[in-house]
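Work through the two exercises below with the sequence and the model side by side, and try each task yourself before reading its solution.

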Amino acid sequence: MTTCKPTIAAVYRSHEHSPNLTDADSRIINAASIKLQERGYAIHRYTEAQFIETDITEPAIINMCRKPRSIEKLCRLEAEGKTVINPGHAIRKCTKRKLWEISTANNIETPATVIVGSTDTTLPFSGTFRPCWLKLPDESVTDKDDIIYAGTPAEYREALTRYHSRAINEVLVCEHLEGDLLKFYAVSGDRYLYTLYPKQSGYSKFGYEANNSDVKFYPYKTERLKEICNIMSRETGITVFGGDCIITPDGKINIIDLNDWPSFSPCAEEASEAIAAAVAETIETTQHAR
């Protein structure tokens with residue numbers, strides 16, 4: 001007996017949560033949707049605004065949502081029995097604060113990190129200043145000034161002032177590590193892993209990598225990166241994700257960022273097949289469980 005394949009709602013990321021990458025974000029979800037259509041699934045497409053305001057009747061949802069109202073709705077729809085990739089509860093865990101907590105709890109290397117108040121001018125790391133990055137602990141990046149590099153104490157205090165002027169009360173501060181900046185794109189279950197060096201490839205979102213040294217190609221263990229990806233997927237519940245890490249001269253992989261469903265800009269075509277396979281497998285597993 002042939003099982004009827006459910007229709008899938010594909011939800012695009014809003015423009016404000018896709019800074020400088022609107023076309024690339026659309027490209028990857030379009031590519032994944034085409035691969036799913038080739039597998040026999042019908043796709044209904046929604047902007048994030050449409051998704052928020054529309055009664056979603058499709059039994060399965062793939063999405064690049066970032067708006068709080070979208071994520072709340074994803075959680076509600078999943079609770080109602082719909083299959084959601086990435087789930088709302090998983091997206092909520094892809095923050096700088098959660099990444100730090102997960103890394104610490106699972107013995108994953110990460111830069112020295114503290115949470116400070118935006119009015120606290122005491123230097124971080126027990127008062128011994130080190131070049132560092134200041135970030136929003138619980139929000140996704142939508143503007144270049146959401147992440148600020150501070151190379152001196154004066155720059156650090158000025159950065160805090162800028163955050164405070166935006167009514168941001170807490171700031172995550174992590175040490176700047178010398179080493180190779182490596183970007184990765186992944187699909188859970190060891191289905192896919194792609195890496196690149198932004199400094200070498202010319203890939204850039206906001207130009208943050210200008211503060212990193214030139215690539216030295218320090219050796220690291222790919223199996224360890226895969227292991228880290230599996231831990232992040234398990235601990236967050238995320239299926240389609242990416243991130244950034246620093247490979248230090250001793251070969252350690254220091255995770256500095258985790259992103260739910262990134263653009264996969266340099267590898268959209270091949271990644272879309274892995275994404276479609278993961279979506280199809282999740283839907284089929286859910287159907288069989290009912």
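**Exercise 1.** In this predicted model, find which residues of the largest nonpolar core touch the most other members, and which elements give two or more residues to this core.

*Solution.* Begin with the core itself, which has 30 residues, and among these Ile 8, Trp 261, Phe 264 and Ile 275 touch the most other members. Next, look for the elements that give two or more residues to this core: they are strand 1 (8–11), helix 1 (22–38), strand 3 (60–63), strand 9 (180–187), strand 10 (192–196) and helix 9 (268–289). Helix 9 gives the most, with 9 residues. Then take Phe 264 and leave aside its neighbours within four places in sequence; its contacts include Ile 28, Tyr 185, Tyr 192, Ala 271 and Ile 275. Finally, note a second, separate core of 22 residues, which includes Val 215, Leu 225, Ile 231 and Ile 247.

**Exercise 2.** Determine the strand order of the open sheet of 4 strands, and explain why strand 5 and strand 7 each have one side without a neighbour in the sheet.

*Solution.* Written out, the order is 5-8-6-7, and the pairing is antiparallel. Strand 5 (113–117) and strand 7 (147–150) stand at the edges with a single partner strand each, and therefore one side of each has no neighbour in the sheet. On average, neighbouring strands of this sheet are turned by 25° against each other, direction ignored. For strand 5, the antiparallel pairing with strand 8 (residues 170–175) runs over 5 bridges, and Thr 113 stands opposite Cys 174 in strand 8. As a last step, add helix 6 (residues 153–165), which lies across strand 5, strand 6 (132–135), strand 7 and strand 8, and which runs at about 160° to strand 7.

How values were computed
Residues are numbered from 1 along each chain as its sequence is written. This is a predicted model: local features need pLDDT of at least 70, side-chain atom pairs count only at pLDDT 80 or more; totals for chains, interfaces and linings use all residues. Side-chain values use heavy atoms; hydrogens and water are left out. Two strands pair if DSSP finds at least two bridges between them. Axes are lines fitted to C-alpha atoms, for helices over the stretch in contact, and angles run from 0 to 180 degrees between N-to-C directions. Contact means heavy atoms within 4.5 Å. A nonpolar core is a set of buried Ala, Val, Leu, Ile, Met, Phe, Trp, Tyr and Cys residues joined through side-chain atoms within 4.5 Å. Buried means under 20% relative accessible area, exposed over 50%, partly exposed in between (1.4 Å probe, protein chains only).
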